Amino acid sequence: MGTWQDIFAAKIADMHLTESWILQEDNSLQVHVLKPGWKEIVQRRVFGRFQCSQCFHEWSSAKVHILFHMRWSRSRGRGMVRMRAFRQACRRCPEPQLEEPKFSEDTMKRLLHNLVLKILKYFYHLPIQPSDFLEVVVDAPVVGPHDSARCEGCQLGVCSESRLAPALDAWEPLTDADKARTHRTLKRQGMRPCATPTHHPSPFNSNFLWKRCCCIGSSLLCVLAALLFVLLYFTRK
Ligand SMILES: [Zn+2]
Ligand SMILES: [Zn+2]
């Protein structure tokens, strides 16, 4: 099974991004606490599995939230993503510690696919449609209510916030046709990230310039041919 970093690197390569992007797990990340230039995504209600490191009790939760902070650094020439999956503690142990959630590889791939689309939207200004995102929230049977006292997300107010404002960043399911379209679009465009929309490089610029040169060149040739014809016509006389 691949790590977050492996899958992220593969997704970045899939989207034909040549710049380096790094993903780091960071348990100090806070919701809505961002420095200028950073963007935030909160993926709510992901299905995850936990195991207690003391009594080895296992449980599942459909209310695991994952926080991503990301930014493109022009000076360093690289992108950075920090992520935090909110932990849960065992119900059976009197003094449990917070355990990291585990996700299926499919869930990780879907999450990171959506994350990379957000990177393309925020930092490369590509037109990403809601239908380009993959569905992450899975309907899986989970026994029992959500144990708020043992949920890190609840303690930090992330779970309650999701009840009030569900899915600000809804990832919508992606059809095969959409996938193919996104893939083609990205492949065609030689992409460079841009920190501000004003320096936003149009992927069609070089193509446009080339066409313009051809147009001017052929017009000049026509004028030259006409001049030559007129010159020859009069010198023959
Ligand atoms: Zn336990
Ligand atoms: Zn919670």
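**A four-stranded sheet and two helices**

In strand β4, V81 is the bridge partner of M70. This pairing belongs to a predicted model, in which strand β3 (residues 58-73) and strand β4 (residues 78-85) run antiparallel and are joined by 8 bridges. As a helpful reminder, strands of a sheet pair through backbone hydrogen bonds, either parallel or antiparallel.

Stepping back to the sheet as a whole, we find 4 strands in an open arrangement, ordered β1-β4-β3-β2, and the pairing is mixed. At the edges lie β1 (20-25) and β2 (39-51), each of which pairs on one side only. From one strand to the next, the twist averages 25°.

Both helices can now be placed against this sheet. Helix α1 packs on the sheet and touches β1 and β4, its direction making about 155° with that of β1. Helix α2 also packs on the sheet, where α2 touches β1, β2, β3 and β4, and the direction of α2 makes about 175° with that of β2.

The helices meet each other as well. Helix α1 (residues 4-14) packs with helix α2 (residues 105-124) at an angle of about 45°, and their axes are 9 Å apart. The two helices are therefore oblique to each other, and their crossing is right-handed. On the α1 side, the contact is made by W4, I7, F8, K11 and I12, while α2 contributes M108, K109, L112, H113 and V116. Sorted by class, the residues of this contact between α1 and α2 are 7 nonpolar, 1 polar and 2 charged.

Technical notes. Residues are numbered from 1 along each chain as its sequence is written. Chains are lettered from A and ligands numbered from 1 in the order in which they are written. This is a predicted model: local features need pLDDT of at least 70, side-chain atom pairs count only at pLDDT 80 or more; totals for chains, interfaces and linings use all residues. Axes are lines fitted to C-alpha atoms, for helices over the stretch in contact, and angles run from 0 to 180 degrees between N-to-C directions. Angles under 35 degrees count as roughly parallel, over 145 as roughly antiparallel, 65 to 115 as roughly perpendicular and the rest as oblique. A crossing is left-handed if the near helix is turned anticlockwise from the far one by less than a right angle, and right-handed if clockwise. Two residues are in contact if their C-beta atoms, placed from the backbone, lie within 7 Å. Ala, Val, Leu, Ile, Met, Phe, Trp, Tyr, Cys and Pro count as nonpolar, Asp, Glu, Lys and Arg as charged, and the others, Gly among them, as polar. Two strands pair if DSSP finds at least two bridges between them.
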